[in-house]
Amino acid sequence: MRALLTHPYLLVMAGGSAGSLLRYGIGRIVPPTLAGMPFPLAILLINIGASALLGLVAGWVVGRTSGEEVRLLVGVGFCGGLSTFSSFSYDTAVLLQNGRVGTALLNIGLNVILCLLGSVGGLTLGSKL
(Lines give C-alpha, C1' and ligand atoms only; values in the text may rest on other atoms or scores of the structure.)
Protein backbone atom coordinates (compact mmCIF):
# COMPACT_ATOMS: atom_id res chain seq x y z
CA MET A 1 0.00 0.00 0.00
CA ARG A 2 2.85 2.39 0.81
CA ALA A 3 4.27 1.94 -2.69
CA LEU A 4 0.94 2.98 -4.17
CA LEU A 5 0.56 6.03 -1.91
CA THR A 6 4.09 7.20 -2.71
CA HIS A 7 3.95 6.57 -6.46
CA PRO A 8 5.33 9.69 -8.18
CA TYR A 9 2.40 10.09 -10.57
CA LEU A 10 -0.15 9.82 -7.77
CA LEU A 11 1.73 12.33 -5.64
CA VAL A 12 1.84 14.86 -8.49
CA MET A 13 -1.83 14.23 -9.33
CA ALA A 14 -2.99 14.64 -5.73
CA GLY A 15 -0.96 17.80 -5.23
CA GLY A 16 -2.02 19.23 -8.59
CA SER A 17 -5.68 18.60 -7.83
CA ALA A 18 -5.43 20.36 -4.48
CA GLY A 19 -3.51 23.29 -5.96
CA SER A 20 -5.99 23.71 -8.80
CA LEU A 21 -8.94 23.65 -6.42
CA LEU A 22 -7.29 26.25 -4.21
CA ARG A 23 -6.56 28.46 -7.24
CA TYR A 24 -10.20 28.25 -8.29
CA GLY A 25 -11.37 29.09 -4.77
CA ILE A 26 -9.06 32.08 -4.45
CA GLY A 27 -10.18 33.31 -7.87
CA ARG A 28 -13.79 33.21 -6.68
CA ILE A 29 -13.05 35.05 -3.41
CA VAL A 30 -10.51 37.74 -4.32
CA PRO A 31 -12.07 40.70 -6.13
CA PRO A 32 -10.58 41.44 -9.56
CA THR A 33 -9.51 44.96 -8.60
CA LEU A 34 -6.50 46.79 -7.22
CA ALA A 35 -6.99 50.24 -5.73
CA GLY A 36 -10.47 50.33 -7.25
CA MET A 37 -9.44 49.59 -10.83
CA PRO A 38 -9.77 46.31 -12.75
CA PHE A 39 -6.69 44.18 -12.14
CA PRO A 40 -6.06 40.40 -12.03
CA LEU A 41 -5.29 40.53 -8.31
CA ALA A 42 -6.12 36.88 -7.55
CA ILE A 43 -3.56 35.66 -10.11
CA LEU A 44 -0.91 38.00 -8.67
CA LEU A 45 -1.53 36.74 -5.13
CA ILE A 46 -1.56 33.10 -6.27
CA ASN A 47 1.69 33.48 -8.21
CA ILE A 48 3.43 35.13 -5.25
CA GLY A 49 2.24 32.45 -2.84
CA ALA A 50 3.09 29.55 -5.14
CA SER A 51 6.52 31.00 -5.86
CA ALA A 52 7.25 31.39 -2.16
CA LEU A 53 6.00 27.87 -1.38
CA LEU A 54 7.99 26.32 -4.21
CA GLY A 55 11.11 28.14 -3.00
CA LEU A 56 10.45 26.90 0.53
CA VAL A 57 10.08 23.29 -0.61
CA ALA A 58 13.13 23.50 -2.88
CA GLY A 59 15.20 25.04 -0.11
CA TRP A 60 14.10 22.37 2.34
CA VAL A 61 14.78 19.46 -0.06
CA VAL A 62 18.31 20.57 -1.04
CA GLY A 63 20.95 18.52 0.72
CA ARG A 64 18.49 16.00 2.20
CA THR A 65 18.47 12.32 1.43
CA SER A 66 14.71 12.25 1.91
CA GLY A 67 12.21 14.73 0.59
CA GLU A 68 11.53 13.49 -2.94
CA GLU A 69 7.91 12.69 -2.05
CA VAL A 70 7.41 16.18 -0.60
CA ARG A 71 9.00 17.71 -3.69
CA LEU A 72 6.65 15.78 -5.97
CA LEU A 73 3.49 16.33 -3.91
CA VAL A 74 3.99 19.97 -2.96
CA GLY A 75 6.57 21.38 -5.35
CA VAL A 76 5.61 19.74 -8.64
CA GLY A 77 1.95 18.90 -7.97
CA PHE A 78 0.49 21.49 -5.62
CA CYS A 79 2.53 24.48 -6.80
CA GLY A 80 2.12 23.42 -10.42
CA GLY A 81 -1.66 23.25 -10.01
CA LEU A 82 -1.79 26.45 -8.00
CA SER A 83 0.54 28.72 -9.94
CA THR A 84 -1.10 30.27 -12.90
CA PHE A 85 1.56 31.79 -15.07
CA SER A 86 -0.44 30.94 -18.15
CA SER A 87 -3.39 32.82 -16.68
CA PHE A 88 -1.09 35.70 -15.85
CA SER A 89 0.06 35.80 -19.46
CA TYR A 90 -3.51 35.69 -20.74
CA ASP A 91 -4.67 38.44 -18.36
CA THR A 92 -1.75 40.61 -19.45
CA ALA A 93 -2.52 40.01 -23.14
CA VAL A 94 -6.16 41.01 -22.55
CA LEU A 95 -5.05 44.18 -20.76
CA LEU A 96 -2.83 45.03 -23.73
CA GLN A 97 -5.61 44.27 -26.23
CA ASN A 98 -7.87 46.62 -24.30
CA GLY A 99 -5.29 49.40 -24.52
CA ARG A 100 -4.43 49.26 -20.81
CA VAL A 101 -0.68 49.29 -21.35
CA GLY A 102 0.13 50.86 -17.98
CA THR A 103 -1.91 48.28 -16.08
CA ALA A 104 -0.37 45.47 -18.15
CA LEU A 105 3.14 46.71 -17.35
CA LEU A 106 2.22 47.03 -13.67
CA ASN A 107 0.92 43.45 -13.74
CA ILE A 108 4.13 42.19 -15.37
CA GLY A 109 6.37 44.10 -12.96
CA LEU A 110 4.52 43.07 -9.81
CA ASN A 111 4.35 39.40 -10.83
CA VAL A 112 8.01 39.15 -11.80
CA ILE A 113 9.50 41.14 -8.91
CA LEU A 114 7.26 39.89 -6.10
CA CYS A 115 7.40 36.25 -7.25
CA LEU A 116 11.19 36.40 -7.41
CA LEU A 117 11.25 37.88 -3.91
CA GLY A 118 8.86 35.13 -2.77
CA SER A 119 11.15 32.46 -4.21
CA VAL A 120 14.26 33.95 -2.61
CA GLY A 121 12.49 34.25 0.73
CA GLY A 122 11.19 30.67 0.49
CA LEU A 123 14.61 29.30 -0.47
CA THR A 124 16.24 31.13 2.40
CA LEU A 125 13.65 30.00 4.95
CA GLY A 126 13.50 26.44 3.58
CA SER A 127 17.26 25.99 3.77
CA LYS A 128 17.16 26.91 7.47
CA LEU A 129 14.46 24.37 8.40
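So, contacts along the chain: of those with a separation of 6 or more, 71% join residues 24 or more positions apart. Keep in mind that this is a predicted model. As for how much is tucked away, buried residues make up 31% of the chain's 129 residues. The C-alpha atoms fill a box of roughly 55 × 30 × 20 Å along the principal axes.

Okay, the layout. We've got six helices and two strands, and reading from the N terminus the order goes α-α-β-β-α-α-α-α.

Now, the helix pair I'd like you to look at is H2, residues 8–29, with H4, residues 68–82. Their axes come within 6 Å and cross at roughly 35°, and the crossing is right-handed. Who's making that contact? On the H2 side you have, among them, Leu11, Val12, Ala14, Gly15, Gly16 and Gly19, and H4 puts in residues including Leu72, Leu73, Val76, Gly77 and Phe78. Sorted by type, the residues of this contact come out as 11 nonpolar, six polar and two charged.

Let's zoom in on Gly16, which sits in helix H2. Is Gly16 buried or exposed? Its relative accessibility is 15%, and the cut-off for buried is under 20%, so Gly16 counts as buried. Leaving out residues up to four places away in sequence, Gly16 touches Gly77, Phe78 and Gly81. And here's a nice long-range one: Gly16 and Val76 are 60 residues apart in sequence, yet their C-alpha atoms are 7.6 Å apart in space.

Moving on to the nonpolar side of things. In soluble globular proteins, nonpolar side chains tend to be buried together. Here the largest nonpolar core has five residues, namely Val30, Phe39, Leu41, Ala42 and Leu44. If you pick Leu41 and skip its neighbours within four places, you find it in contact with Val30, Pro31, Thr33 and Leu34.

Last stop, aromatics. There's one aromatic pair by the ring-centre rule. That's Phe85 with Phe88: ring centres 4.6 Å apart, planes at 50°. Why call it tilted? Stacked needs planes under 30 degrees apart and edge-to-face needs over 60, so 50° lands in the tilted class. Both residues belong to helix H5, residues 85–97, and because they're three residues apart there, about one helical turn separates them. Their surroundings aren't alike, though: Phe85 is partly exposed, with a relative accessible area of 48%, whereas Phe88 is buried at 6%.

That's what I had, happy to pull up any of these on screen.

How values were computed:
Residues are numbered from 1 along each chain as its sequence is written. This is a predicted model: local features need pLDDT of at least 70, side-chain atom pairs count only at pLDDT 80 or more; totals for chains, interfaces and linings use all residues. Side-chain values use heavy atoms; hydrogens and water are left out. Rings of Phe, Tyr and Trp (its six-membered ring) pair if their centres lie within 6.5 Å; planes under 30 degrees apart count as stacked, over 60 as edge-to-face and the rest as tilted. Helices (H or I, at least four residues) and strands (E, at least two) are DSSP runs, numbered from the N terminus. Buried means under 20% relative accessible area, exposed over 50%, partly exposed in between (1.4 Å probe, protein chains only). A nonpolar core is a set of buried Ala, Val, Leu, Ile, Met, Phe, Trp, Tyr and Cys residues joined through side-chain atoms within 4.5 Å. Contact means heavy atoms within 4.5 Å. Axes are lines fitted to C-alpha atoms, for helices over the stretch in contact, and angles run from 0 to 180 degrees between N-to-C directions. A crossing is left-handed if the near helix is turned anticlockwise from the far one by less than a right angle, and right-handed if clockwise. Ala, Val, Leu, Ile, Met, Phe, Trp, Tyr, Cys and Pro count as nonpolar, Asp, Glu, Lys and Arg as charged, and the others, Gly among them, as polar.
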